[in-house]
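Here is a short note to help you find your way around. Please keep the structure open beside it as you read the points.

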Amino acid sequence: MPGTKEIRTKIASVKSTQKITKAMQMVATSKMRRAQERMRLARPYAQKMRNVIGHLTQANPDYRHPFLASREPKAVGIIVISSDRGLAGGLNANIFKQALLLMREWQGKGAQVSLCLIGGKGLNFFRRLSLPILANVTGLGDRPHIKDLIGTVKVMLDAYRDGQIDRVFLVNSQFVNTMTQKPTAEQLLPIQALDTEGLQEHWDYIYEPEASAILDGLLMRYIESQVYRGAVENVASEMAARMVAMGAASDNAGNLISELQLIYNKARQAAITKELSEIVGGAAAV
């Protein structure tokens, strides 16, 4: 059995760790609430954009934008959103697993895969694979701004325009609730039809001044809004996962402290009993 001094040192070390995990849990809880608010503000706009763009896929315009045209998928681009920091449970591992499943699916179909990485953890993970990374951005912090994402997203959109890639997917963590964060993969390009019930077979919007300029700007904003929504959802998921992980770590530290305290009491009692036995034995010898 270890000595009492060694056990006291271990208890002090675990208590120090518990203070850190509790502080991190409280910080994550505070940041999660703010991230949830940003997520709630981003969702309606992104959903409305999805509906409008979904209608465009069923229209019959004179000008057909490249983002609406489907072609044979010989190359695929995947935008992966992860966190910059760890200590968030299995959040990033689940995102990477979802991305790897998507990669294997398309590689099995004979398509080449290229990556666009948002977040430091994703960059550290995927740079070890023999896959081309077209763009990456890190250090977005707890409040990602769309201006920090535009340059990275534009690289993928330009590659799609130039025919270097034929499909663009977004992989990120979707915030369901505090205890559940679901990794998701959705197709960004070519844009798929959504909410088409009740639409006429032959119709189109009226564009002023011209369809090409309006559609180009609108579809760019659409892709950017979807990536931004994915980024804020990922931040909310990260904070929730970190809060839960640090809460579990604090509880485990408390259990470990209780076990060490019991071992310390037993060791101290054994030492006292030994000293008393030695005193009694010495007195009897005299």
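1. A good place to begin is the parallel pair: strand 2 (residues 112-118) and strand 3 (residues 133-137) run parallel and are joined by four bridges. Please keep in mind that this is a predicted model.

2. To see one of these pairings, look for cysteine 116, whose bridge partner is alanine 135 in strand 3. Between the two strands the chain passes through helix 3 (residues 120-126), and the β-α-β crossover made in this way is right-handed.

3. Next comes an antiparallel pair. Strand 4 (residues 167-177) and strand 5 (residues 180-189) are joined by nine bridges. A hairpin of two residues links strand 4 to strand 5. Here you can follow valine 171 across to its bridge partner in strand 5, alanine 185.

4. While you are looking at strands, a general point may help: side chains in a regular strand alternate between the two faces of the sheet.

5. Now turn to helix 5 (residues 211-285), where you will find serine 237. Is serine 237 buried or exposed? Serine 237 counts as buried, because its relative accessibility is 0%, and the cut-off for buried is under 20%.

6. What surrounds serine 237? Apart from neighbours within four places in sequence, serine 237 is in contact with Leu91, Ser173, Gln174, Phe175 and Gln181. One polar contact is worth locating: the side chain of serine 237 reaches the backbone nitrogen of phenylalanine 175 at 3.4 Å.

Key
Residues numbered from 1 in each chain as written. Predicted model: local features only at pLDDT ≥ 70, side-chain atom pairs only at ≥ 80, totals over all residues. Heavy atoms only, no water. Pairing = 2+ DSSP bridges. Right-handed = clockwise from strand over helix to strand, strands pointing away. Buried < 20%, exposed > 50% of the residue type's maximum accessible area, 1.4 Å probe, protein only. Polar contact = N/O pair within 3.5 Å; in protein donor to acceptor, adjacent residues only side chain to side chain. Contact = heavy atoms within 4.5 Å.
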